[in-house]
Amino acid sequence: MVEVKYYIPNKSRMLVTLLNDKDVQNMHQIHVNLNAPVIEMVVSHIPCLTEAADVVIDISLYLCCIAYFTGLVVHPKMLSVVVDLENFQMVAQEFNDVETLRDAIRNFCIANYRDFVFVKNNPQRVTVECANEECEWRIHASRLGNQERFAIKKLNSQHTCGGGLHVRSHPKASKHWVSNIVKDKLQDMPLYRPTDIVKDIHREYGVELPYHQVWHGKEVAMKDLYGHRSKSYDRIRWYCKAIIETNPGSIAEYETIGGRFRCLFILFHASVMGFIRGCRPLIFMDGTFIKHKDGGVVLGATSKDANGGIFPIAYGVVDTETDDNWEWFCRILKEAIHNCSDYHGEQFTFMMDRHQEIIKSVPKYFPSSYHSYCFRNVKDNFKNQVLVHYCASEKKMLLDLLNIAAYTSRLNVFHK
Ligand SMILES: [Zn+2]
């Protein structure tokens, strides 16, 4: 069985498998969109139990078909490079540096279900052999003079050990390998989920990895890209200082207890000015959990602009949603609004859920303000706490009545 894959011609270097005509069309479209005239492909022979031993795989036929349908150049040199060590001689093939060579060998072996060992692996030369000591498969590459570039000097592309690995996973698909594979993509998509990474690696490399291994791989990549998460707390001090210096009139405050982070409050001067000058006098207050190992809660104050869009006023990060933390947040927010030159004593309407901590703190700092409750929250509570024992038709009728009552803007209509 032959498997044909191609590299997405951008930084991500993701491998995508061609399974049908639609995939070939997509490949064509991607190369046209990215203005890439060369398709870099991986063609591999996957051992298949039902396949007759004497089947001849005509790789060139596949390539001709692809070139014909896409009108793009299928680069034979690139093809031999990355990939088909079994069908192409790649002696003298060059790589940008030793890391690129190592990655190419590792990716190739994983995608082809072969295990390997580095016999030599240093900045001057790399020698790789099949993990089966009896096997003659071997690649030897070394540096080109004083350059960073590496070239393959000797190659024995035939595995004499028989079929490849017959396991779903691969011994070399470590968390560091996962990290290398996903790093570029994580730069564009920091929220790339481990479950999606598991699926993508299976599709592109045919390797089934356990969730926890991929999760650790993502952690390694995130650490390489952004530094250790715990170290990022050190940068809060720098960030707050930078906000104050570059955005005069802004508030960037943080507190620590015994050297440990406790809370952070950020309000940009432009946001509070924009709120008072251009938004409706509404402030939506809410908190939400931060879903990572260190936990914490984000507190937010937002408004609605004239277009009905969400307009952020201020946000904070605290350890938990407590009376003290909401009080602290409301106190700084009040000071910021009252100190704003455009504020002339207007009253605001606060929108919130029924969390006791917010209900207590808001009136303390905004005593004559109006309060309303988030209708979605009220409706959910009504449905889940009051209507549980009602039948479906009664439930619907009562919810409809609640809807009408909530959206009625005149008192006399409401009484009807
Ligand atoms: Zn072998």
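This is a stepwise tour of a predicted model, moving from the whole chain to two sheets and then to a pair of helices.

**Whole chain**

Start with everything displayed. The chain holds 15 helices and 17 strands. Of its 416 residues, 24% are buried. Among contacts between residues at least 6 apart in sequence, 55% join residues at least 24 apart.

**The five-stranded sheet**

Select strands E6 to E10. These 5 strands form an open sheet, and their order across it is E6-E10-E9-E8-E7, with antiparallel pairing. The edges are E6 (94-95) and E7 (116-121), each of which pairs on one side only.

Begin at the E6 edge. E6 pairs with E10 (residues 150-156) over 2 bridges, in the antiparallel sense. Label Phe95 and, opposite this residue, Phe150 in E10.

Step from E10 to E9. The two strands run antiparallel and are joined by 6 bridges. For a cross-strand pair to display here, take Ala141, which faces Ile152 in E10. Then follow the chain through the hairpin of E9 and E10, where 6 residues lie between the strands. Stop at Gly145 in this hairpin: its phi is positive, near 55°.

Move on from E9 to E8. The E8 and E9 strands are also antiparallel, with 5 bridges between them. Val128 stands opposite Ile139 in E9.

**Helix H4 across the sheet**

Keep the sheet on screen and add helix H4 (residues 98-111). H4 lies across E6, E7, E8 (125-130), E9 (138-143) and E10. Its direction is at about 10° to E8.

To check the length of H4, take the distance between its end C-alpha atoms. The helix has 14 residues and reaches 20 Å from the first C-alpha to the last, close to the 20 Å expected at 1.5 Å a residue.

Which residues of H4 are buried? Select Val98, Leu101, Ile105, Arg106, Asn107, Cys109, Ile110 and Ala111. Arg106 and Asn107 are included in this buried set.

Continue past the end of the helix. H4 is followed by Tyr113, where phi is positive, near 55°.

**The seven-stranded sheet**

Hide the first sheet and select E11 to E17. This open sheet has 7 strands in the order E11-E12-E15-E14-E13-E16-E17, and the pairing is mixed. E11 and E17 (370-373) are the edge strands, each pairing on one side only. Neighbouring strands are turned by 20° against each other on average, direction ignored.

Start from the E11 edge. E11 (residues 251-257) and E12 (residues 260-267) run antiparallel and are joined by 7 bridges. Display Ala252 with its opposite residue, Ile266 in E12. The hairpin of these strands has 2 residues between them, and Gly258 takes a positive phi near 55° there.

Next, cross from E12 to E15 (residues 310-318). This pair is antiparallel over 5 bridges. Two residues of the pairing can be labelled with their partners:

- Cys263 stands opposite Val318 in E15.
- Leu264 has Val317 in E15 as its bridge partner.

**Helices H11 and H12**

Finish with H11 (residues 323-338) and H12 (residues 356-365). Two packed helices are described by the angle between their axes and the distance between the axes. For H11 and H12, the axes come within 9 Å and cross at roughly 30°. The crossing of H11 past H12 is right-handed.

Select the contact residues by helix:

| Helix | Residues in the contact |
|---|---|
| H11 | Asp323, Trp326, Glu327, Cys330, Arg331, Lys334 |
| H12 | Glu357, Ile358, Lys360, Ser361, Val362, Lys364, Tyr365 |

Colour this set by residue class: the contact of H11 with H12 divides into 5 nonpolar, 1 polar and 7 charged residues.

Centre the last view on Arg331, which lies in H11. Is Arg331 buried or partly exposed? Arg331 counts as partly exposed because it has 14 C-beta neighbours inside 10 Å, while a buried residue needs 20 or more.

Now add Lys364, one of the H12 residues in the contact. Arg331 and Lys364 are 33 residues apart in sequence, and their C-alpha atoms are 8.8 Å apart in space.

Key. Residues numbered from 1 in each chain as written. Predicted model: local features only at pLDDT ≥ 70, side-chain atom pairs only at ≥ 80, totals over all residues. Axes fitted to C-alpha atoms, helices over the stretch in contact; angles between N-to-C directions. Helix = DSSP H or I, 4+ residues; strand = E, 2+ residues; numbered from the N terminus. Left-handed = near helix turned anticlockwise from the far one by under 90°. Contact = placed C-beta atoms within 7 Å. Nonpolar A, V, L, I, M, F, W, Y, C, P; charged D, E, K, R; others polar. Buried ≥ 20, exposed ≤ 12 C-beta atoms within 10 Å, placed from the backbone. Expected span 1.5 Å × (residues − 1). Pairing = 2+ DSSP bridges.
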